[in-house]
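The following exercises concern the interior of a protein chain. Each task is followed by a solution in steps.

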Amino acid sequence: MASETPDNDASLPPQLARLPSGRHGLPREFVAANHRDRLVAACVQEVNRRGYADMTVADIIKTAAVSRRTFYEFFDSKEACFLATYDLVFSHVAGLVFAAYEAEDVWAQKVRAGIAVLLQFFADEPLLAHLCMVEPLAAGPPIADHHRQGVGGFAAMLDAGREVEGAEAPPEGTADAVVAGVASLIIQRILGGEAEQLEDLLPDILISVLTPYLGPAEAERIARE
């Protein structure tokens with residue numbers, strides 16, 4: 001078997017550091033999880049370094065410091081590895097957003113809290129922001145469609161605004177259109193190298209999100225609080 005010694009082990013997160021060589025005596029389940037985590041971490045690095053289209057399985061296994069055989073124990077292709085990585089990141093982000101949303105009592109504040117935590121996470125983790133929002137759209141129709149379905153799930157949070165007393169009832173599909181617009185704005189900032197300033201978008205995004213339900217005056221008042 002080829003050596004699994006990495007060239008850039010120091011760049012990996014400490015929890016994904018290379019296992020000792022030889023008979024380490026760790027349970028197989030732990031070793032398997034460690035190897036998979038290293039492949040996921042390597043995919044994050046390589047997709048940001050090269051882009052999905054130019055990233056290869058060889059790039060991933062070199063950065064993860066595992067053998068090709070180990071890679072294929074977990075994933076049958078580059079696409080499968082990327083999708084697993086994407087789903088892991090997206091699920092974490094969605095969990096943060098929905099937790100923040102549910103922690104508030106008033107719908108407009110729920111929306112504010114969810115959007116705020118989304119922007120904060122992406123600002124703190126620009127590599128993950130790029131992987132989660134930019135690369136899926138350039139990775140071919142199956143991955144792009146998978147991404148759009150995931151992002152579309154946030155529309156339900158907005159359509160809950162239809163039940164707010166005194167709120168307007170915008171046309172069907174409004175929430176989907178608003179979510180798509182917000183995603184596009186975030187992508188533009190990431191592509192412009194401004195991911196770390198994403199939190200500055202909160203007031204403008206809130207206005208665009210709340211206006212169809214509360215009207216422009218109320219939406220701006222809440223956004224500027």
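The exercises below treat the fold, an aromatic pair, the nonpolar core and the enclosed space of this predicted model.

**Exercise 1. Determine the secondary structure content of the chain and the share of buried residues.**

Solution.
1. The chain contains eleven helices and zero strands.
2. Read from the N terminus, the order of elements is therefore α-α-α-α-α-α-α-α-α-α-α.
3. The chain has 225 residues, of which 46% count as buried.
4. Of the contacts between residues at least 6 apart in sequence, 61% join residues at least 24 apart.

**Exercise 2. Classify the geometry of the ring pair Tyr52 and Phe82, and place the pair in the fold.**

Solution.
1. A pair of aromatic rings is described by the distance of the centres and the angle of the planes.
2. For Tyr52 and Phe82, the ring centres are 5.1 Å apart and the planes stand at 65 degrees.
3. Planes over 60 degrees apart count as edge-to-face, so the pair of Tyr52 and Phe82 belongs to that class.
4. Tyr52 is located in the loop between α1 (28-50) and α2 (57-64), whereas Phe82 belongs to helix α4; the pair therefore ties together parts that are 30 residues apart in sequence.
5. Burial means a relative accessible area under 20%. Tyr52, at 8%, is therefore buried, and Phe82, at 0%, is buried as well.
6. The whole structure holds ten aromatic pairs. Tyr52 and Phe82 also belong to one aromatic cluster with Tyr86, Phe90, Phe98 and Phe154.

**Exercise 3. Identify the residues with the most contacts inside the largest nonpolar core, and list the contacts of Val111 beyond its sequence neighbours.**

Solution.
1. In soluble globular proteins, nonpolar side chains tend to be buried together.
2. The largest nonpolar core here comprises 69 residues, and α4 makes the greatest contribution to this core, with eleven residues.
3. Val111, Phe122, Ile186, Val209 and Leu210 have the most contacts inside the core.
4. With neighbours within four places in sequence set aside, Val111 touches Tyr101, Met157, Leu158, Leu206, Val209 and Leu210.

**Exercise 4. Characterise the largest cavity by its volume and its lining.**

Solution.
1. Rolling a probe the size of a water molecule over the atoms shows where empty space is left.
2. One cavity of 30 Å³ or more is found, and the largest cavity holds about 280 Å³ of space.
3. Its lining consists of 20 residues, with Ile115, Leu118, Phe154, Val179 and Val182 nearest the centre.
4. Two or more lining residues come from each of α4 (78-102), α5 (107-124), α6 (126-133), α8 (155-159) and α9 (174-191).
5. By residue class, the lining of this cavity has 19 nonpolar residues, one polar and no charged.

Note on methods. Residues are numbered from 1 along each chain as its sequence is written. This is a predicted model: local features need pLDDT of at least 70, side-chain atom pairs count only at pLDDT 80 or more; totals for chains, interfaces and linings use all residues. Side-chain values use heavy atoms; hydrogens and water are left out. On a 1 Å grid over the protein atoms alone, a cavity is a set of points where a 1.4 Å probe fits but cannot get out, and a pocket is an open set with protein on both sides within 12 Å along at least five of seven lines; lining residues have an atom within 4 Å of a point. Grid points are joined across faces, edges and corners, and a volume is the space filled by probe spheres set on the points. Helices (H or I, at least four residues) and strands (E, at least two) are DSSP runs, numbered from the N terminus. Ala, Val, Leu, Ile, Met, Phe, Trp, Tyr, Cys and Pro count as nonpolar, Asp, Glu, Lys and Arg as charged, and the others, Gly among them, as polar. A nonpolar core is a set of buried Ala, Val, Leu, Ile, Met, Phe, Trp, Tyr and Cys residues joined through side-chain atoms within 4.5 Å. Buried means under 20% relative accessible area, exposed over 50%, partly exposed in between (1.4 Å probe, protein chains only). Contact means heavy atoms within 4.5 Å. Rings of Phe, Tyr and Trp (its six-membered ring) pair if their centres lie within 6.5 Å; planes under 30 degrees apart count as stacked, over 60 as edge-to-face and the rest as tilted.
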